[in-house]
Amino acid sequence: MFHFLLCRFLLCCIFFTLFTPCLSYSQSSLEEIQKTAIELKLHKHPQWLSLLHYTNTWFYNTKSLADDDKFFLAQNGKYDTKAELLKTLEAFFDLASVDENHPRCIFTARYKWLGEKLGFSNKEFIDKNCLRFKNWLAEINPDNLTLIFPTSFLNNPASAFGHTLLRINKKNQTKNSETLAYTVNFSANTNGEDPFSYAVKGTIGGYEGFFSLGPYYKQVNKYSDIESRDTWEFDLSFSYEEALFLVYHIWELRSIAFDYYYFDENCSFHLLPVLDVVRPELGLTKSVGSWVLPIDTVKLFKKKGLIRSSKFRPSVATRFKSRVEQSSRKVQAEALSLSNNLSFKYDLSEVERAKALELAYDYLSYKGRFSQKTDRNLNDKLLALLKLRSKHAFTDLFENPKVPNESPLKAHSASRLSTEFLLNSSELNYQLRFRPVYHSLIESKKGQTLGSQINFMDFTF
């Protein structure tokens, strides 16, 4: 009996000798790391401020643009950078229960950055415990970034000034597979309200905005095919490591609400803080004025030296117009005839017949998208045209549409200040005019949608 009690006593001593220091070390380690973080002034570090989307305002020294309590771990984290830093570290080192909802798995960019700055490991933990994030990251497979700029669409107030979003290009991506890459998009949650309600609520901040991730082919279908908007793609000079870190941060922004304002905190503006997370020294968020238009952000990227190359993606309307211009009058007439009656009317060569069939198909497709009357036989007509076209073994009948000489990078600024001199009955008058937004028909058409005009708050003094 004595030996049994002695053995139990010795085992207890060994247990407390081995494990008690580990338990106390964990607490002391957290305190040391928090102390080091404060000494390094990480709560004032530009990248920490960018990770939390902090900005300076008239009423607060620092305030996060995020308007969702889920984005903060400290009670006053929206305004207190130091409190949020300490609470984040505390949450990271609370390993009492580890699962997919642990802060390390939710705030992956913060964990990666703080781990690198303070010297505690992170990749092994994520690989072992954050399987949803790991699988999501593998699906995106980031390599570099492209800025997407669909041009203006005046039929919808939400798109009247154009739009910007980011494409996360995959590794080993080709020209044919680029539409499978994912895009980062910020938009207002309008719940399908009418354009008038959108204009009012969007101006006064009546909507919440969210980041979303989706395949690029859906954006191409929406902008190029449905709305017939030409799109410019600008490859950006961000490295693989920067693109990877951006994806880490996008994971943190899932379902996080931001106040949406049509003229400043809009789709174009909220891309800037995301890119400042990747490279804080750019100061993109601080480089914009009181209102932010998509074309201004595109020009800002050029000013900052971020654009490596550009590519023009023509819309359905632009491609159709180009094919019409490349066709003779006879081919055009035959295409119009084929769209009504599937039989050839004119004496044409085999190549011309193939062209007429393709042109008829494009015409019916385009007409079907915008016609207010539904043609129930449209799909049957299109299929019949494809069957006829398959009998003519010719390829590349039409050249691609010409790239416009003037890209949005050469467009004029949205605001205009002008002086005018008026001579009336030998009397000279002077006028001072200011227009904050956007473009008129008498101004340079470089980078603008042909025939478009939007004048807002045009003051004359």
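Mentor: Before we start, a polar contact is a pair of N or O atoms within 3.5 Å; within protein, one must be able to donate a hydrogen and the other to accept it. Keep in mind, too, that this is a predicted model.

Trainee: Thanks! Which residue's backbone oxygen lies 3.2 Å from a polar atom of the Asn340 side chain?

Mentor: Begin with the setting: Asn340 lies in the loop between helix H14 (329-338) and helix H15 (350-370). A polar atom of its side chain lies 3.2 Å from a backbone oxygen, and the cut-off is 3.5 Å. The residue that supplies this oxygen is Leu336.

Trainee: Is Asn340 buried or exposed?

Mentor: The relative accessibility of Asn340 is 64%. Exposed means over 50%. Because of that 64%, Asn340 counts as exposed.

Trainee: And Cys267, is that one buried or exposed?

Mentor: Here the relative accessible area is 9%. The limit for this class is under 20%, so Cys267, at 9%, is buried.

Trainee: Where in the chain are the two cysteines of the disulfide, and how many residues apart are they?

Mentor: The structure holds 1 disulfide, formed by Cys105 and Cys130 with their sulfur atoms 2.0 Å apart. The link is left-handed, at -75° about the S-S bond. Cys105 sits in helix H4 (residues 103-106) and Cys130 in the loop between helix H6 (123-129) and helix H7 (131-140), so the pair links distant parts of the chain, which are separated by 25 residues.

Trainee: Let's turn to the core. Which helix gives the largest share of the largest nonpolar core?

Mentor: That core has 84 residues, and Leu89, Leu114 and Leu246 touch the most other members. Its largest share is 8 residues, and they come from helix H10 (residues 240-252).

Trainee: Which strands are the edge strands of the open sheet?

Mentor: Follow the order of the 7 strands, S8-S6-S5-S4-S3-S7-S9, with antiparallel pairing. The twist from one strand to the next averages 35°. An edge strand pairs on one side only, and here those are strand S8 (258-260) and strand S9 (307-313).

Trainee: Inside that sheet, which residue of S4 is the bridge partner of Leu145?

Mentor: Strand S3 (residues 142-150) and strand S4 (residues 165-170) run antiparallel and are joined by 6 bridges. For Leu145, the bridge partner in S4 is Ile168.

Trainee: One last thing: at about what angle to S3 does helix H12 run?

Mentor: Helix H12 (residues 294-303) lies across S3, S7 and S9. Relative to S3, helix H12 runs at about 135°.

Methods
Residues numbered from 1 in each chain as written. Predicted model: local features only at pLDDT ≥ 70, side-chain atom pairs only at ≥ 80, totals over all residues. Heavy atoms only, no water. Core = buried A, V, L, I, M, F, W, Y, C linked by side-chain atoms within 4.5 Å. Buried < 20%, exposed > 50% of the residue type's maximum accessible area, 1.4 Å probe, protein only. Helix = DSSP H or I, 4+ residues; strand = E, 2+ residues; numbered from the N terminus. Disulfide = S-S within 2.5 Å. Pairing = 2+ DSSP bridges. Axes fitted to C-alpha atoms, helices over the stretch in contact; angles between N-to-C directions. Contact = heavy atoms within 4.5 Å.
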